[in-house]
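Dear colleague,

I am passing a structure on to you, and below it you will find my notes on what turned up when I went through it. Please read them with the structure open beside you.

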Amino acid sequence: MDGLKELFTAWGIYDEDSISPFALWKFFDTLEHTQMFIDGFLYTLSVSVFALTIAVVFGTIGGVMATSKITVLRAYTRIYVELFQNTPLVIQIFFLYYGLPHLDIHLDLFTIGVLGIGAYHGAYVSEVVRSGILSVPRGQFEASAAQGFTYTQQMRYIIIPQTIKIILPPMSNQMINLIKNTSVLLIVGGVELMSSADSYAADYGNYAPAYIFAAFLYFSVCYPLAYFAKFYEEKLKKAHLAR
């Protein structure tokens, strides 16, 4: 890196006296503190993986309950979905961080991130699963019922396997949103990627390079997922037209 500095200095494009937010020396300084960003990035991925697990579990159960014939189960799912979808994630994180201690419930920041983000996205996953189940032809339910399958068996062996293929693209989009939404932990002093970028920027004054580098790390994970979702959706469309 020192060799590059000397080369850019010789070319007249490296000036440590420059106060421009996009000065080249600020980007070099940011790269010298890469480990701070990597630590935050790994923390973000850890929260994302566990939060996604909770979202999938809550969402799958909620989606199945939303299509149940039992009114109480449908009502319970509706309340859960409407409550979490129609209140900001920031407020939900605030409640877990500031509200629960007043109820003598103390959670560490990692757990708050996993539970808060997982439950929030679980509501959206629930709607995705519900839509996927309802998109399966009604004849599948009737045929399986005629063969003596219980509702649980219908879901496990016939409906859910077909639903998975249908919901993969929107599920990928939910994964992308979940990863980006880990940045809300910044407001409660988290140590994820956005917090690391903000901390570095505040300490060294290199705001533009810090946030650009953070954006690049988010992009490196989210873009492949977005590409997969688009690719798989196009594949499903072609398969449908070929029938």
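To begin with one pair of helices, H3 and H4 are oblique to each other, since angles over 145 degrees would count as roughly antiparallel and those from 65 to 115 as roughly perpendicular, whereas the axes of H3 (residues 34-66) and H4 (residues 71-85) cross at roughly 135 degrees and come within 8 Å. Please keep in mind throughout that this is a predicted model.

The crossing in which H3 passes H4 is left-handed. On the H3 side the contact is made by Phe58, Gly62, Met65 and Ala66, and on the H4 side by Leu73, Arg74, Tyr76, Thr77 and Tyr80. Sorted by class, the residues where H3 meets H4 are six nonpolar, two polar and one charged.

H4 also packs against a second helix, H6 (residues 109-135), at an angle of about 125 degrees and with the two axes 8 Å apart. At that angle H4 and H6 are therefore oblique to each other, and H4 passes H6 in a left-handed crossing. From H4, the residues taking part are Thr77, Arg78, Tyr80, Val81, Phe84 and Gln85, and they meet Ala119, Tyr120, Gly122, Ala123, Tyr124, Ser126, Glu127 and Arg130 of H6. This contact of H4 with H6 divides into seven nonpolar, four polar and three charged residues. Thr77 and Tyr80, which you will have met in the contact with H3, appear in the contact with H6 as well.

As for the chain as a whole, the protein chain has 10 helices and zero strands, and buried residues make up 39% of its 243 residues. Of the contacts between residues at least 6 apart in sequence, 74% join residues at least 24 apart. The accessible surface of the protein chain comes to about 13900 Å², and 66% of that surface belongs to carbon and sulfur atoms.

One single residue that I followed up is Tyr211, which is found in helix H10 (residues 207-241). With a relative accessible area of 27%, Tyr211 is partly exposed, because a residue counts as buried under 20% and as exposed over 50%. Setting aside neighbours within four places in sequence, Tyr211 is in contact with Met194, Ala197, Asp198 and Ala201. Between Tyr211 and Leu193, which are 18 residues apart in sequence, the C-alpha to C-alpha distance is 9.8 Å.

With best wishes

Methods: Residues are numbered from 1 along each chain as its sequence is written. This is a predicted model: local features need pLDDT of at least 70, side-chain atom pairs count only at pLDDT 80 or more; totals for chains, interfaces and linings use all residues. Side-chain values use heavy atoms; hydrogens and water are left out. Axes are lines fitted to C-alpha atoms, for helices over the stretch in contact, and angles run from 0 to 180 degrees between N-to-C directions. Helices (H or I, at least four residues) and strands (E, at least two) are DSSP runs, numbered from the N terminus. Angles under 35 degrees count as roughly parallel, over 145 as roughly antiparallel, 65 to 115 as roughly perpendicular and the rest as oblique. A crossing is left-handed if the near helix is turned anticlockwise from the far one by less than a right angle, and right-handed if clockwise. Contact means heavy atoms within 4.5 Å. Ala, Val, Leu, Ile, Met, Phe, Trp, Tyr, Cys and Pro count as nonpolar, Asp, Glu, Lys and Arg as charged, and the others, Gly among them, as polar. Buried means under 20% relative accessible area, exposed over 50%, partly exposed in between (1.4 Å probe, protein chains only). Accessible areas come from the Shrake-Rupley method with a 1.4 Å probe; for residues, only the protein chains shown count as cover.
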